[in-house]
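Me: Could you take a close look at one part of this protein for me, the patch of negative charge on its surface? I am in my first year, so please go step by step.

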Amino acid sequence: MLKKLFQSLRSPLRRAKQHPRSTPEVVTSHQHPLRRAHISRYAVSIVERLQNAGYQAYLVGGCVRDLLLDIEPKDFDVATSATPEQVRAEFRNARVIGRRFKLVHVHFGREIIEVATFRANHPVSEEDEDSNQSSRNESGRILRDNVYGSLEDDAQRRDFTINALYFDVTGERILDYARGMHDIRNRQVRLIGDPEKRYLEDPVRMLRAVRFAAKLDFEIESHSAEPIPRLAKMLRDIPSARLFDEVLKLFLSGYAEHVFELLLEYDLFEPLFPASAAALKQSPEYTYNLISQALINTDQRIEDGKPVTPAFLFAALLWPALPARVIKLQDRGMPPIPAMQEAAHELIAEQCQRIAVPKRFTIPIREIWDMQERLPRRSGKRADLLLENPRFRAGYDFLLLRESAGEKTNGLGDWWTDYQDCTDSERRAMIRELAANPDETGSAPRKRRRGGNRKRGATPSPAQD
Ligand code: ATP
Ligand code: MG
């Protein structure tokens, strides 16, 4: 009884602290460049439909932020006071998705507009701590995030100030509850509320801070930056499937090189890629060069509108971690080829504990790596068979990547570049030449080595640096 009374006396204070601003700054159309003409007509029509039905509805999040920065938004998100069922009742082409927290997807051909009901932060109360249905774990991480709320609540539960801007398409006004316009102008990524607490609630916000800083070329505001290295290890507790999604957004959005720098700067790389981080310590120059070159290439391909695959990316991120394992297994007496196979298997399995890379990508990672063992062996018909292999292109690109990071391959990349370009008779000449210079090419029939001799295969040497 007393506890309840105490709680009710304390809760307004807590609320005040959690909700620093309950009336928004209203930014009128004279004060900002955003016009409804810039917005997907489907999104506009959803907002208007909901408003006509008597609900509040706004565009929110990344689309408002990006349009203010003259970036084309990836998608348009709508926030509304209508519940998912009420939203669905308004639209024929709507589907309720999500189990933990329901959202509505409204489909217009290929375009999908996501409509979310206003949500509130889960309060931290003694009641919550007492109950075994707690919405947070002992470090404050939000486990359940399923309370509807008001527009004000919705603004406060968002991560960064620049993501909490609401655009009213009818009045062309922006509602700013968290000084997001100020941070857009000053190019700052700033958490709403107490940074440490917000990272503890959801450690993935640390990755999001890095992602937005890289994408928008913003600074992470100093108070929001300060706790990150300290809390980075909290990422280890995040479900591996969620981390896979986040890592793809980090590395496959066209600004991966910048992301990598920031992950290193904030100690976020180690909890995501522990084996690669160890390789970075062991052979810093080679590992750093290989990974950043892979990311530079990825960014370039995205800019050129070429396809990119997570398999190539993970193959590159993990490759520098292979040799240490191969050597360990060889020292235990395993012959080179099986040692390489086993090391690859172990490394991928271990990485998947952190980041759940699906099978459809781990299989091609292995194939790209296997190609590295096969590309030096070109005698007889082998070269032509390799050219026909569906994994040839990725394997060849990977070889060039290794070379660009300083691996010595005896001109193998150039050889394959020439081989692809030339006529049949020239190809035959190239193969004959190989047979004449067996030492140079590694293509001569090998003598079987006995004993536990280490062989330098395609795996990078750890002593590169
Ligand atoms: P983009 O789509 O360009 O990656 P975005 O800001 O739209 O950026 P989403 O992941 O689509 O990012 O999320 C939409 C909005 O939901 C965000 O702008 C933010 O307001 C809110 N949000 C997303 N994830 C979180 C989180 N972990 N904590 C708090 N708010 C979040
Ligand atoms: Mg978005």
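Reply: Here is a walk through that patch, followed by a few single residues to set beside it. Keep in mind that this is a predicted model.

Let's start with the members. Five residues, Asp217, Glu219, Glu257, Glu261 and Glu265, gather on the surface as a patch of negative charge. Which helix gives the largest share? That is helix H13, spanning residues 256-265, with three residues of the patch. Glu265 has its place in helix H13. Is Glu265 buried or exposed? Its relative accessible area is 52%, and exposed means over 50%, so Glu265 counts as exposed.

Now for a contrast inside another helix. Gln372 sits in helix H20, which covers residues 359-374. Its relative accessible area is 1%, and buried means under 20%, so Gln372 is buried. A polar atom of the Gln372 side chain lies 3.0 Å from the backbone oxygen of Ile368.

Two acidic residues in loops are worth a look too, for their backbone angles. Most residues other than glycine have a negative phi. Asp70, however, has a positive phi near 65 degrees. You can find Asp70 in the loop between helix H3 (62-68) and strand E3 (77-80), and Asp70 is exposed, with a relative accessible area of 73%. Glu172 is not a glycine either, yet its phi is positive, at about 50 degrees. Glu172 lies in the loop between strand E9 (165-168) and strand E10 (173-176). With 17% relative accessibility, Glu172 counts as buried, whereas Asp70 is exposed.

Definitions and conventions:
Residues numbered from 1 in each chain as written. Chains lettered and ligands numbered in written order. Predicted model: local features only at pLDDT ≥ 70, side-chain atom pairs only at ≥ 80, totals over all residues. Heavy atoms only, no water. Patch = residues over 30% accessible without salt bridge, like charges linked within 9 Å, V, L, I, M, F, W, Y side chains within 5 Å. Areas by Shrake-Rupley, 256 points an atom, 1.4 Å probe, with all protein chains shown as cover. Salt bridge = Lys/Arg side-chain N within 4 Å of Asp/Glu carboxyl O. Lys, Arg positive; Asp, Glu negative; His and termini not counted. Charge placed at Lys NZ, Arg CZ, Asp CG, Glu CD. Helix = DSSP H or I, 4+ residues; strand = E, 2+ residues; numbered from the N terminus. Buried < 20%, exposed > 50% of the residue type's maximum accessible area, 1.4 Å probe, protein only. Polar contact = N/O pair within 3.5 Å; in protein donor to acceptor, adjacent residues only side chain to side chain.
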